[in-house]
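Me: I would like a close look at a single part of this protein, taken slowly and with its surroundings described. Please tie the part to the rest of the fold as you go.

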Amino acid sequence: MRHGKKFNHLGRTAAHRKAMLANMASSLIEHKRINTTVAKAKALKQFVEPLITKAKTENNQTTEKGTHNRRVVFASLRNKYAVTELFGAVAEKVGDRPGGYTRIIKLGNRLGDNADMAMIELVDFNELYNAGKPAKKSTRRSRRGGGKKAEVAAPVAETKTTDDSEE
């Protein structure tokens, strides 16, 4: 019985599964997107997102925390070039994102064995998908309103008066 066994074993032994996920995570970090099966993509998402969270700069404010997080990530990835890329360019791009660093896009079935295929990619590195959307403001909204409405209304009135004077 499989009571309480939540993650997908992917039909592999534990050592094979860990090595495969480490290799796939290194490829994802290096190439920013990879094609694989849907089951492997979902397993990889659960594997790589905590590593990206550890690489974010807000988690590495001091040297000892940064060194510890690098060693923890290296123990999982086993690739120093991927760790360097993760703590460099990837951490810089995802610094303001509060999670959800990867996206899985289903591609259809593979010709050889009809397996469900998917593309998994790092969200912030796809410029084409995010091109049409405006940049979101990172403002925190309070339940107590009132103060901001008066401040916003005043500059709007001033801009209208300047537009009238130009005409």
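What follows is a request about one helix and then a connected reply.

Me: Which residues of α2 are buried, what covers them, and which elements give two or more residues to the largest nonpolar core?

Reply: The model is a predicted one, and the values below are computed from it. To place the helix first: the protein has five helices and three strands, and along the sequence these run in the pattern α-β-α-α-α-β-β-α. Of its 167 residues, 30% count as buried, and among contacts with a separation of 6 or more, 56% join residues that are 24 or more positions apart.

Helix α2 covers residues 38-55, which is 18 residues, and from its first C-alpha to its last it reaches 25 Å, close to the 26 Å expected at 1.5 Å a residue. Its buried residues are Val38, Ala41, Ala43, Leu44, Val48, Glu49, Leu51, Ile52 and Ala55, a list that holds a glutamate alongside its nonpolar members. The cover over these buried residues includes the helices α1 (14-31), α3 (63-77) and α4 (80-93), together with the strands β1 (33-37), β2 (102-109) and β3 (116-122).

The largest nonpolar core has 30 residues, and those with the most contacts inside it are Leu28, Leu44, Ile52, Val73, Leu77, Leu86 and Val90. Two or more residues of this core come from each of α1, α2, α3, α4 and β3, and the largest share, eight residues, is given by α2. Leu44 and Ile52, both named among the core residues with the most contacts, also stand in the list of buried residues of α2.

Ile52 leads on to another member of the core, since valine 90, leaving aside its neighbours within four places in sequence, is in contact with Ile29, Lys32, Ile52, Glu85, Leu122 and Phe125. Two of these partners, Lys32 and Phe125, are themselves linked, for the charged end of lysine 32 sits over the ring of phenylalanine 125 at 4.9 Å from its centre. Lysine 93 also lies over the face of phenylalanine 125, at 5.0 Å from the ring centre, whereas a search of the whole structure for aromatic pairs finds zero. Lysine 32 belongs to the loop between α1 and β1, and its phi is near 70 degrees, a positive value in a residue other than glycine. Its relative accessible area is 15%, and because buried means under 20%, lysine 32 counts as buried.

Lysine 32 is also among the contacts of glutamate 121, a residue of strand β3, and β3 is one of the elements that cover the buried residues of α2. With a relative accessible area of 1%, glutamate 121 is buried, and its side chain makes polar contacts with the side chain of arginine 103 at 2.7 Å and with the side chain of arginine 33 at 3.5 Å. Apart from neighbours within four places in sequence, the residues in contact with glutamate 121 are Leu28, Lys32, Arg33, Tyr101, Thr102, Arg103, Ile105 and Asn126. Of these, Leu28 is also named among the residues with the most contacts inside the largest nonpolar core.

At the other end of the description is Ala55, which is one of the buried residues of α2. The backbone oxygen of alanine 55 lies 3.4 Å from a polar atom of the side chain of asparagine 60, and asparagine 60 has its place in the loop between α2 and α3. Asparagine 60 is buried, with a relative accessible area of 17%, and once neighbours within four places in sequence are set aside, its contacts are Lys54, Ala55, Lys65, Gly66, Asn69 and Phe87.

For contrast, two residues outside the helix are exposed. Asparagine 114, in the loop between β2 and β3, has a relative accessible area of 52% and counts as exposed; its phi is positive, at about 65 degrees, although it is not a glycine. Arginine 2, in the segment before α1, counts as exposed at 56% relative accessibility, and its side chain reaches the backbone oxygen of lysine 5 at 2.3 Å.

Definitions and conventions. Residues numbered from 1 in each chain as written. Predicted model: local features only at pLDDT ≥ 70, side-chain atom pairs only at ≥ 80, totals over all residues. Heavy atoms only, no water. Helix = DSSP H or I, 4+ residues; strand = E, 2+ residues; numbered from the N terminus. Expected span 1.5 Å × (residues − 1). Buried < 20%, exposed > 50% of the residue type's maximum accessible area, 1.4 Å probe, protein only. Contact = heavy atoms within 4.5 Å. Polar contact = N/O pair within 3.5 Å; in protein donor to acceptor, adjacent residues only side chain to side chain. Core = buried A, V, L, I, M, F, W, Y, C linked by side-chain atoms within 4.5 Å. Phe/Tyr/Trp six-rings, centres within 6.5 Å; stacked < 30°, edge-to-face > 60°. Lys NZ or Arg CZ within 6 Å of the ring centre and 35° of its normal.
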